[in-house]
Amino acid sequence: MTQTSLRQTATPQNSPQLIPALNPQFLPKHVAIIMDGNGRWATRRNMPRTIGHSQGARTLKDLLRCCSDWGIDALTVYAFSTENWQRPLDEVNFLMMLFERMLQQELAEMHIKGVKINFLGDLTALPVTLNKLVKQAIELTQHNRGIQFNVAINYGGRADITKACQAISQAVQRGTMQVKDITEESIEQHLCTRGQPAPDLMIRTSGEMRLSNFLLWELAYTEMYFTDTLWVDFDKQELQKALAVYQQRKRRFGRL
Ligand code: IPE
Ligand code: IPE
Ligand code: MG
């Protein structure tokens, strides 16, 4: 792709911020991120792990803005897994408080920018105040037409697939669905990501090369990008690096 054709395809809104190596036409539509390494970031600085989480929240705020400015349709982030309840209570409580604080502080601005917020996972297990804020955020932003921002809290891919199986089995039992109607599409309709296209690019920071129960169904054909950079240090340049790597990939989906 030449510089000239890049200039022709770039929109005035996103072209100034993208590095020239990136083709704005071939950005992933949906980026998913496992935001990992906050604890290590803090520990290496002799600080409590909670400071790492607070700093990590700032990184997320910045990158959501970048994705929105660059015209990426959807950003899905893993904020708290079903397994993360096993962490020390102090850390769990701090994280719940941080999610509440972020929502309180950022919701109005996100709404003005047209961000459409959704949450993935079993929200009934969240503290009452957080649950209320989550519902408010979904309701307030439901008609927005900007970036789709999915936050996975108390999310587990296995739990989500299990829940889908239960709902489908109940429908079959009631007779409202037949076994032959159980298809990949109907299963997808019962996942909490229903109605959204699968992520094109999945990024995990901090050097771990595993999914840790994130979007097990949805990531079947997603391009994976792993980096040693810790989430707190994963800035705009790092994201552009990941996008550039994505643009080098050949997505075949089983074809030749
Ligand atoms: C990711 O950072 C944030 C959450 C899981 C909530 P970690 O807290 O997992 O940080 P590390 O992996 O221990 O460094
Ligand atoms: C995955 O990170 C969950 C989130 C980033 C929210 P973890 O730090 O919990 O994953 P493991 O324990 O290293 O697999
Ligand atoms: Mg971790």
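Reader: Which atom in the side chain of Arg87 should I look for beside ligand 2, and how far is an oxygen atom of ligand 2 from it?

Author: A polar contact is read as a pair of N or O atoms within 3.5 Å. In this predicted model, an N or O atom in the side chain of Arg87 is 3.2 Å from an oxygen atom of ligand 2. The side chain of Asp36 also has an N or O atom at 3.2 Å from an oxygen atom of ligand 2, while for the side chain of Ser212 the distance from such an atom to a ligand 2 oxygen is 2.6 Å. As for cover, ligand 2 has 380 Å² of accessible area on its own, and the protein covers 79% of it.

Reader: Which residues are around ligand 2, and how do they divide into nonpolar, polar and charged?

Author: A shell is read by listing the residues with a heavy atom within 4 Å of the ligand. For ligand 2 that list holds Ile34, Met35, Asp36, Tyr78, Ala79, Phe80, Asn84, Arg87, Arg204, Arg210 and Ser212. By class, the shell around ligand 2 has five nonpolar, two polar and four charged residues. Strand β2, which spans residues 74-81, gives the most to this shell, with three residues.

Reader: What are the distances from oxygen atoms of ligand 1 to atoms of Asn38, Arg40 and Arg49?

Author: Here it helps to separate backbone atoms from side-chain atoms. A backbone N or O atom of Asn38 lies 3.2 Å from an oxygen atom of ligand 1, and a backbone N or O atom of Arg40 lies 2.7 Å from an oxygen atom of ligand 1. Arg49, in turn, places a polar side-chain atom 2.9 Å from an oxygen atom of ligand 1. The protein covers 86% of the 380 Å² of accessible area that ligand 1 has on its own.

Reader: Which residues come nearest to ligand 1, and which element gives the most to its shell?

Author: There are 13 residues around ligand 1, and Asp36, Gly39, Arg40, Arg49 and Arg87 come nearest. Helix α2 gives the most to the shell around ligand 1, with three residues. Sorted by class, this shell has three nonpolar, five polar and five charged residues.

Reader: Where does ligand 1 sit, and which pocket is the space taken by ligand 2?

Author: A molecule is assigned to a pocket when more than half of its atoms lie within 2 Å of the pocket's grid points. Ligand 1 sits in the largest pocket, and the space taken by ligand 2 is the largest pocket as well.

Reader: What is the volume of the largest pocket, and how many residues line it?

Author: The largest pocket has a volume of about 980 Å³. Its lining is made up of 44 residues, of which Met35, Asn38, Tyr78, Ala79 and Phe99 lie nearest the centre of the pocket. The elements that give two or more residues to this lining are α2 (38-43), α3 (49-69), β2, α4 (89-112), β3 (116-120) and β4 (148-155). Helix α3 gives the most to the lining, with ten residues. By class, the lining of the largest pocket has 21 nonpolar, nine polar and 14 charged residues.

Technical notes
Residues are numbered from 1 along each chain as its sequence is written. Chains are lettered from A and ligands numbered from 1 in the order in which they are written. This is a predicted model: local features need pLDDT of at least 70, side-chain atom pairs count only at pLDDT 80 or more; totals for chains, interfaces and linings use all residues. Side-chain values use heavy atoms; hydrogens and water are left out. A polar contact is a pair of N or O atoms within 3.5 Å; within protein, one must be able to donate a hydrogen and the other to accept it, and residues adjacent in sequence count only if both atoms are side-chain atoms. Accessible areas come from the Shrake-Rupley method with a 1.4 Å probe; for residues, only the protein chains shown count as cover. On a 1 Å grid over the protein atoms alone, a cavity is a set of points where a 1.4 Å probe fits but cannot get out, and a pocket is an open set with protein on both sides within 12 Å along at least five of seven lines; lining residues have an atom within 4 Å of a point. Helices (H or I, at least four residues) and strands (E, at least two) are DSSP runs, numbered from the N terminus. Ala, Val, Leu, Ile, Met, Phe, Trp, Tyr, Cys and Pro count as nonpolar, Asp, Glu, Lys and Arg as charged, and the others, Gly among them, as polar. Grid points are joined across faces, edges and corners, and a volume is the space filled by probe spheres set on the points.
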